[in-house]
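Me: I'm new to reading protein models, and the vocabulary trips me up. Could we go through one together and check what the words rest on?

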Amino acid sequence: MSPRDCARSIVSGTDPRWGRTFDYAIMALIALSTVTIALETLPGLPASLRTALRIEEMIVIGVFTLEYALRLWVAEHPGRYVFSFWGLIDLAAVLPFYLSLGMDLRGLRVLRVLRLIRILKLLRYMKAMNRLHRAFQAIRDELLIFGLLSGIVLYLAAVGIYHFENVAQPDAFSSIPQSLWWALATLTTVGYGDVYPITIGGRVFTFLVLLVGLGVVAVPSGLIASALTNMRAREPQRPETEKGADPAASAPDGDTNDGTDDPS
């Protein structure tokens, strides 16, 4: 096996010895990095601790940079990896640090927030996320239709409450676009309470919108749950002895693909 093939098996998690170790090491660094981001916001930290956190951040960035370069090297099509979903996430995990080296303090605050993108790298190592992605792929047409219907209902709710409440509350419901905030808060059953109807017609209309809002929340959840259940039922059930003999089963995400050539 060539060095490139060996490195590809490690980063993809299929290597029986080092694949799992590599995956868990990256996951540990991601968790450590998120803790560091939180600790940096504590007031009154000693200068020595801030220095230690800064050094730790540089070490993590160094490892993530090496990981990105390694995945770029082992990719069958480096260009596809660079512009793939995981390639962009890997780049976004390290780019804010390097950009902050030449930025003033005003831009530095924004870049520090962007460091949180690196937590998305954890999704690569979660088997459940692969199943969830396949579930969304299976019901994407239904979700698209339901999203379109939800948009129509949202607009109709804004139009209705505008006509019921505009005369009584010209400031709160001065236009249909302004009424969209009330429609959104009501359809999602959040109900912030900053804007609410005071007329009889508006309250009856709100009751109807709330009933529709329950379906807006429940229907997508039911579609996703059904897709996940059907997908899990179709997965082959292998004996534990066979799972232990399968090198691919040792990877945390159960996926032999390293994601470097995944254009999604």
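Reply: Sure, here is a chat about what the terms mean for this model, which is a predicted one.

Me: What makes up the secondary structure of the protein?

Reply: There are 11 helices and zero strands. Read along the sequence, that gives the pattern α-α-α-α-α-α-α-α-α-α-α. Of the 264 residues, 34% count as buried.

Me: Let's zoom in on charges, then. Why is the pairing of Arg-8 and Asp-5 called a salt bridge?

Reply: The term asks for a side-chain nitrogen of Lys or Arg within 4 Å of a carboxyl oxygen of Asp or Glu. Here the N to O distance between Arg-8 and Asp-5 is 2.8 Å, so the pair fits the cut-off of 4 Å. Both residues lie in helix 1, three residues apart, which is about one turn of the helix. As a rule, an α-helix has 3.6 residues a turn, so residues three or four places apart point the same way.

Me: Which residues are linked with each other in a network of salt bridges?

Reply: Asp-5, Arg-8 and Glu-76 are. You've met the bridge of Arg-8 with Asp-5; Arg-8 also meets Glu-76, at 3.2 Å, N to O. That second pair links distant parts of the chain, with Arg-8 in helix 1 and Glu-76 in the loop between helix 3 and helix 4 (78-82), 68 residues apart.

Me: How do you know whether Glu-76 is buried, exposed or partly exposed?

Reply: Check its relative accessible area, which is 48%. Buried means under 20% and exposed means over 50%, so with 48% Glu-76 is partly exposed. Asp-5 gets the same label, partly exposed, because its relative accessible area is 35%.

Me: And what about Glu-67 and Arg-71, buried or exposed?

Reply: Glu-67 has 3% relative accessibility and Arg-71 has 0%. The cut-off for buried is under 20%, so both are buried. Their side chains meet in a salt bridge too, at 3.0 Å, N to O. Being four residues apart in helix 3, they are separated by about one helical turn. The structure holds three salt bridges.

Me: Now the nonpolar parts. What makes a group of residues a nonpolar core, and which residues make up the largest one?

Reply: They have to be buried residues of nonpolar kinds, such as Ala, Val, Ile, Leu or Phe, joined through side-chain atoms within 4.5 Å. The largest core has 11 residues: Ala-7, Ile-10, Val-11, Phe-22, Ile-26, Leu-29, Ile-30, Val-60, Phe-64, Val-74 and Val-94. Helix 1 (3-11), helix 2 (19-39) and helix 3 (47-74) are the elements that give two or more residues to this core, and the largest share, four residues, comes from helix 2. Another core lies apart from it, with 10 residues, including Ala-158 and Phe-205.

Me: What do the buried residues of helix 1 pack against?

Reply: Helix 2 and helix 3. Those buried residues are Ala-7, Arg-8, Ser-9, Ile-10 and Val-11.

Me: Last one: why can Tyr-155 count towards a surface patch?

Reply: A patch residue needs over 30% relative accessible area. Tyr-155, which lies in helix 8 (residues 140-165), has 49%, so it clears that cut-off, though it is called partly exposed. Together with Ile-145, Leu-148, Leu-149, Ile-152 and Leu-156, Tyr-155 makes a nonpolar surface patch of about 630 Å².

How values were computed:
Residues are numbered from 1 along each chain as its sequence is written. This is a predicted model: local features need pLDDT of at least 70, side-chain atom pairs count only at pLDDT 80 or more; totals for chains, interfaces and linings use all residues. Side-chain values use heavy atoms; hydrogens and water are left out. Patches are made of residues with over 30% relative accessible area and no salt bridge: like charges are joined within 9 Å, nonpolar side chains (Val, Leu, Ile, Met, Phe, Trp, Tyr) within 5 Å. Accessible areas come from the Shrake-Rupley method with a 1.4 Å probe; for residues, only the protein chains shown count as cover. Buried means under 20% relative accessible area, exposed over 50%, partly exposed in between (1.4 Å probe, protein chains only). Contact means heavy atoms within 4.5 Å.
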